[in-house]
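Work through these exercises with the model open. Try each task before you read its solution.

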Amino acid sequence: MEIFFGAFTSEWEQRRAALLHEMSSGGRGALAEEEMRRRLKQLAQLGAAGGGGGSSGASGGGGFASKGRAAPRAQVTSPTTTARPMEARLAAIAKGSQPAVVKVASYGGGARVGAMLNYVSRGGELKVENESGRILEGREELARIRGDWEHLFQNRAESRDIGSFSVEIASGFTSDESLHEQVRSTLTSGFGDRRYAYAIAKNEGGSVTVQGLVVLRSGQGERLTGDAKAAGIIQGRYDASAAAGKAAVKFSFHGYGNGVEFGASRLRGLVDRHDDVRDDRGQSIANEKVAGDLVQKEWRGELHSRKSRDVMHVIMSARAGTDVAAFEGAVRDFLAHQFAGHRYVFAMHDPASDPKEAGKGGKRPHVHAHAIVAMKSDCGDRIETTPAVFREWRSVMAEKAREHGIEMEMTDRREFASPPAFTRTQVRPVSREGRTEHVGTSEAAQARYDAKRSGRRTVAKSDRSRQYIIKVQESWQKVALAGGDPQTVAYATQHRKYLESSVSTAQTETSGTVIRADFGSTFRINLATLQEMVLEGQELREMSRAEFETYEKRVETALFKLERSVSADDRADFDEIAGLARDFVNQKRELVDLYEQRQEALSEQSGEETRDRVNDKWDAAVAKHGEAVVEAGNEAIIEIEHYREGLDRIEGGEFPASSKAGFEDGRKQAMERAAQLAVEGNSYIREVAEQDPHLQRAIDQAKTKSDRREEATDKPPSVETIDEQRRDLRGEEEDRQPSDNDEREAHEFASTVNATNRQQDRLSKDREPAQRGGETTRTDPAQQHIPRLEEIEREQMEQRERDLDDRGR
């Protein structure tokens, strides 16, 4: 695809267009395709061997997640960040070094930048520092950040996952159970296979109001918008269903939201307001816990939720008592090294100076820093967030901290038999006093939360993780043997025993419950499907928006199926593949956007040229044929094209086939009118007919008919015919006797003849101005000629009238 860089007015748009053009023509785009093929091939090999391995918790050291990954240009590892040997790291930890903590708290779109900055700066009360080292203070300076970063945002709208609806049903019911059955039948007729939950409120007069939540995405991938337009679609489907005859129903939507958190919160609110809440299967939702479980466990897989990732919120933490100035310097160096070329700001949260109260989440006992980072750089690079990249971040943070005199090391949870971390979607906060306390949103989430907070020892069970743990045990043994400090020796020995105990426990649990299932074939099938879907994007360089959206949905469906066949230990590997696949799709989306911009620019240019050509043709036609002739001919041609377009739409299925006969009759009549104008002398229509064979045929037919009429008019009647008519007339008159009735009829006949003559005189007068003005067109062809036979009949009637008058005298 050729890119016209002059179509982009701002410098950053030109740079982006040039970069994307380079990517699409074999540059970085080709490297991305090569990387995708290689990663999918490696994952397929792991699947063929039994599903691969990996840690489902914090990202580990070697293995699939960290092999051969090309770092972004802004994140190239320098020689100073070479990974430290495992023994050195573990020995430092045993001597008291603290672990490096760097985590992504959340992502957000460009619209959320203001809220994020407000949280980080405590409403503008804390100083904020940007990537240039400039200190920003006050709300006004913070408010300008979003405008400065606006060109880096995709501003992609969040997916509408769950909608709030209400339904008015104007019908009475005999019992509560019949009422619920009728309500579910009504909702299913409109929503189809979508999941929903509802509550009923009875009104006066027997009608009911149903309020509830519905998953906006159907099983076939159709996503409703949750607004008035969607309500109209649902209403139409219900009206066309068999259930419409039972009761009058009106659907409406009152809002929508994104993600599991929104759905769980709104469903809990529905349970609080109503005593009887049920789902689409008739199951009762008795309390908030059941409501949360329904959304977390059953609805989550149907959402396919999507949020814009324009910025990310990164938190860097240190132990309580760490020197604040030294840690701030380490954070500043870490951000400058890891996010070079990106826009970012950060602020320190020191418990001694935090203006937020402890009961509201402030004055945490440990020092930490918050950073808001733009995901895209000015050069178009996007930050990668994979387990391997997170491990690199912790390594760099630890090194920068050591340079500032803080003993800190990068750690891996598998080195300490630590349980996996919980996510914020698995818990909700119940107390922010000191260390935030949470409660799980489900039994499994609560168990995971309890294991993490209690420090229960656990190990990952994948083959790769077991190989890594063997190396860790050997390293702990070496640290214990080499360490002269009793405290170091005891620490190393204790953690080696933790690993041995956890491994033996895991082996016992595995041998006690053996589950044999062949997931390999499903895994490989889904992986092959994903590869086919993703690499289909090579053909997207001139794809329409609708075709691209279909392609994107197919990729998401393939990812969803692959995710269901991936084991828990391979979750990190799947996340990496999914992230790479979505980055590939996003790259193609930008190409489609640029193609559309180019098409719009070309359309505007061609539209102006077309208008100029049309005006030139009109002026030339008027100069050649005259304005009146061109206008009359143009109206006739427009009428013909109207009926032709209607017939084309009928053939295309836009109009019903039952209207075809009417359009054909209209086209025929329009053709006849245009042909008659051409026969009468409209030279413009004759010129147009040279390029339109159908119109030319109609003109030829009209001309033939006109010639026949003229021949019939010009041919005089024979003398024998006239004499015979007169003899018959005299014979009839001789048989009749004069009477009063004859006289009355004669006078009436004479009046009729006189009226006819007066009307003919008016028509003659009307024709004379048109003939003098040279007018060549007529609106009523039937009045253009007086047939010869009518003149003969008039002469005979006049003669009969004179004869009757003579008899009367």
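**Exercise 1. A helix and a sheet**

Which helix lies across β2 and β10, and at about what angle to β2 does this helix run? Then place both strands in their sheet.

Solution. The model is a predicted one.
- Step 1. Helix α11, residues 387–403, lies across β2 and β10. The helix runs at about 130° to β2.
- Step 2. Write down the strand order: β2-β10-β12-β11-β3-β4. These 6 strands form an open sheet with antiparallel pairing.
- Step 3. Look at the edges. β2 (101–108) and β4 (135–136) each have a single partner strand, so one side of each is left without a neighbour in the sheet.
- Step 4. Check the pairing of β2. Its partner β10 covers residues 311–317, and 7 bridges join the two antiparallel strands. One bridge pairs G108 with V311 of β10.

**Exercise 2. The surroundings of S166**

Is S166 buried or exposed? Find the polar contacts of its side chain as well.

Solution.
- Step 1. Locate the residue. S166 lies in strand β5, residues 162–170.
- Step 2. Apply the cut-off. Buried means under 20% relative accessible area. S166 has 9% relative accessibility, so S166 counts as buried.
- Step 3. List the neighbours. Leaving out residues up to four places away in sequence, S166 touches V210, Q211, K250, F251, S252 and H254.
- Step 4. Pick out the polar contacts. The S166 side chain meets that of S252 at 2.8 Å. Another polar contact, of 2.5 Å, goes to the side chain of H254.

**Exercise 3. Aromatic pairs**

How many aromatic pairs does a search of the whole structure find? Describe two of them.

Solution.
- Step 1. The search gives 11 aromatic pairs.
- Step 2. Take F191 and F251. Their centres are 5.8 Å apart and their planes make 75°, an edge-to-face pair.
- Step 3. Place these rings. F191 sits in helix α6 (residues 176–191) and F251 in strand β8 (residues 248–257), so the pair ties together parts 60 residues apart in sequence.
- Step 4. Check burial. F191 is buried, at 2% relative accessible area. F251 is buried too, at 6%.
- Step 5. Take F416 and W476. This pair is also edge-to-face, with 5.9 Å between centres and 70° between planes. F416 is in the loop between β13 and β14, W476 in helix α13, 60 residues apart.
- Step 6. Check burial again. F416 is buried at 11%, and W476 is buried at 0%.
- Step 7. Widen the view. F191 and F251 belong to one aromatic cluster with F165, Y196, Y198 and Y238.

Notes
Residues numbered from 1 in each chain as written. Predicted model: local features only at pLDDT ≥ 70, side-chain atom pairs only at ≥ 80, totals over all residues. Heavy atoms only, no water. Helix = DSSP H or I, 4+ residues; strand = E, 2+ residues; numbered from the N terminus. Buried < 20%, exposed > 50% of the residue type's maximum accessible area, 1.4 Å probe, protein only. Polar contact = N/O pair within 3.5 Å; in protein donor to acceptor, adjacent residues only side chain to side chain. Contact = heavy atoms within 4.5 Å. Pairing = 2+ DSSP bridges. Axes fitted to C-alpha atoms, helices over the stretch in contact; angles between N-to-C directions. Phe/Tyr/Trp six-rings, centres within 6.5 Å; stacked < 30°, edge-to-face > 60°.
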